[in-house]
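Hi everyone, thanks for making room for me today. I'd like to walk you through a structure, so let me put it up on the screen.

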There are 2 protein chains.
Amino acid sequence: MAFQTIDDDSLAELLFEVFRSRGCEGATLSLLSEVTGLKKSSLYHRFPAGKDDMVKAVVLYVGAQLHEHVIEPLLNSKEAPEKRLSKMIVTVKAFYCDGTKNCLLNVLGFGQVNAEINELLNKDYNAWLAALIQLGKEAGLNQNDAEVRSRHFLMVIQGALVIQRLTSNKQTFINSMDYEEKQFFK
Amino acid sequence: MAFQTIDDDSLAELLFEVFRSRGCEGATLSLLSEVTGLKKSSLYHRFPAGKDDMVKAVVLYVGAQLHEHVIEPLLNSKEAPEKRLSKMIVTVKAFYCDGTKNCLLNVLGFGQVNAEINELLNKDYNAWLAALIQLGKEAGLNQNDAEVRSRHFLMVIQGALVIQRLTSNKQTFINSMDYEEKQFFK
DNA sequence: ATCACTGTACCGAACAATCGGTACAGTGAT
DNA sequence: ATCACTGTACCGATTGTTCGGTACAGTGAT
């Protein structure tokens, strides 16, 4: 069997960075080819349905990353809720490079979204949200407060990314995360 | 002057709706032509520098709308601050069609933004922010609280739009606006 | 151990369609 | 008669996609 020049995960990671930075329409085949080192026809060998397949692979890849590095640690009840939230924020800051990199949830939300993709993104968002709510309740919040604050937190992540991109104030995202951390259990 | 089939403002309004719904790259010349009823050459007559000019016109148009319908009413000191904020939220809800329509600040933030466009967007954002801060101080907030809450408000607008687009929960934006209204003066 | 065969991985070249943009000949209100 | 405006036709470049073909590692019968 012939060997792959790049494994699926590394490939998805490279594609992901292109999609999040250039948007779905901005991620042209030639750019993806250039970044991954695979010719366009080779990309079609790995992703027979073309761009749609690549988007799906990226979403699945990022979803797996989210579950592994964000959601599971949130639900790991060996540590105090406050500590887990604090660690999540560290992870999130790193994932978005302190707010300089975009979120797929925003990037892929334009145009007519493939229904399947949208459902995947929705599932990831809801899983993240559920984990936060669970954490909030563990910390003593009632159901409603936990829901409201968790939704608010995820909303602020997206808003902060947009505003930081707009204003080029590199502290926007970091400050927002630190502020929301304090507010979450209050 | 020879006849003009559509005036500048109506034209900008139509272009605006295409840009905010399809994104910058998704707003193709043929689509813009179809929507406006002007052939490509006519569009190039009105906007000699092509797409860049159209984007600029749209940004200037929306900026003017923002100043007229949002910022000036915010600064009109004949009404109580609480009332003015409440009215702004009504306007904002209408502008984003209860969260079903996107914001230019988000849409145009992708790819390498024309530096001039980015500066225009930035000025609009800062004007809006300054008006909110002014309102907060009039309502008795200290400088720091007014700043933090104003920034937070504009951030939540963007975040709510992203999340609503993702989850298709049509209440997300409305609920967020109503919630933030209560929090603003607290 | 040899050799025909298979399946996977990759690539070059071409595909139709569409992109943003231009040239030029009208068109009609003034 | 002028001139801002609009339509038809066209351009080169780039889009996503397909196809024929090559390189190579593994398989199984001999």
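Let me start with a question: through which surface do the copies meet? Keep in mind as we go that this is a predicted model. The answer is that the copies meet through the same surface, because 100% of the interface residues of chain A are also interface residues in chain B.

How many residues does the contact take from each chain? It takes 24 residues from chain A and 24 residues from chain B. If you look at the side of chain A that touches chain B, helix H6 (104-107), helix H7 (115-138) and helix H8 (143-167) of chain A each supply at least two residues. H8(A) has the largest share there, with 11 residues. Sorted by class, that side of chain A has 11 nonpolar, 10 polar and three charged residues.

Now, how are the chains related? Rotate chain A by 180 degrees, with 0.0 Å of shift along the axis, and it superposes on chain B with an RMSD of 0.1 Å. That is the relation of a two-fold axis. To find the axis on your screen, look for A:Gly159: of the residues of chain A, its C-alpha comes closest to the rotation axis, at 1.8 Å.

Let's move over to the DNA. Which residues are closest to DNA strand D? Strand D is surrounded by 22 residues, and the closest are A:Leu29, A:Gly50, B:Thr5, B:Ser41 and B:His45. Helix H2 (29-36) and helix H3 (40-46) of chain A, along with H3 of chain B, each supply at least two residues of the surface near this strand. H3(B) gives the most, with five residues. By class, the surface near DNA strand D has eight nonpolar, nine polar and five charged residues.

Last stop: helix H1 of chain B, residues 8-26. This helix has 19 residues, but its end C-alpha atoms are only 22 Å apart, short of the 27 Å that a straight helix would reach. Where is the kink centred? On B:Arg20, and the kink in H1(B) is about 80 degrees. B:Arg20 is also one of the buried residues of H1(B). Others on that list include B:Leu11, B:Leu15, B:Phe16 and B:Phe19. And what covers the buried residues of H1(B)? Among the elements that do so are helix H2 (29-36), helix H3 (40-46), helix H4 (51-75) and helix H6 (104-107) of chain B.

That's my tour, and I'm happy to take questions.

Technical notes: Residues are numbered from 1 along each chain as its sequence is written. Chains are lettered from A and ligands numbered from 1 in the order in which they are written. This is a predicted model: local features need pLDDT of at least 70, side-chain atom pairs count only at pLDDT 80 or more; totals for chains, interfaces and linings use all residues. Helices (H or I, at least four residues) and strands (E, at least two) are DSSP runs, numbered from the N terminus. The expected span of a helix is 1.5 Å times one less than its number of residues. The bend at a residue is the angle between axes fitted to the seven residues ending there and the seven starting there. A residue is buried if 20 or more other C-beta atoms lie within 10 Å of its own, exposed if 12 or fewer, and partly exposed in between; C-beta atoms are placed from the backbone. Two residues are in contact if their C-beta atoms, placed from the backbone, lie within 7 Å. A residue is near a molecule or strand if its C-beta atom, placed from the backbone, lies within 6 Å of it. Ala, Val, Leu, Ile, Met, Phe, Trp, Tyr, Cys and Pro count as nonpolar, Asp, Glu, Lys and Arg as charged, and the others, Gly among them, as polar. Copies are superposed by least squares on the C-alpha atoms of residues with pLDDT of at least 70 in both.
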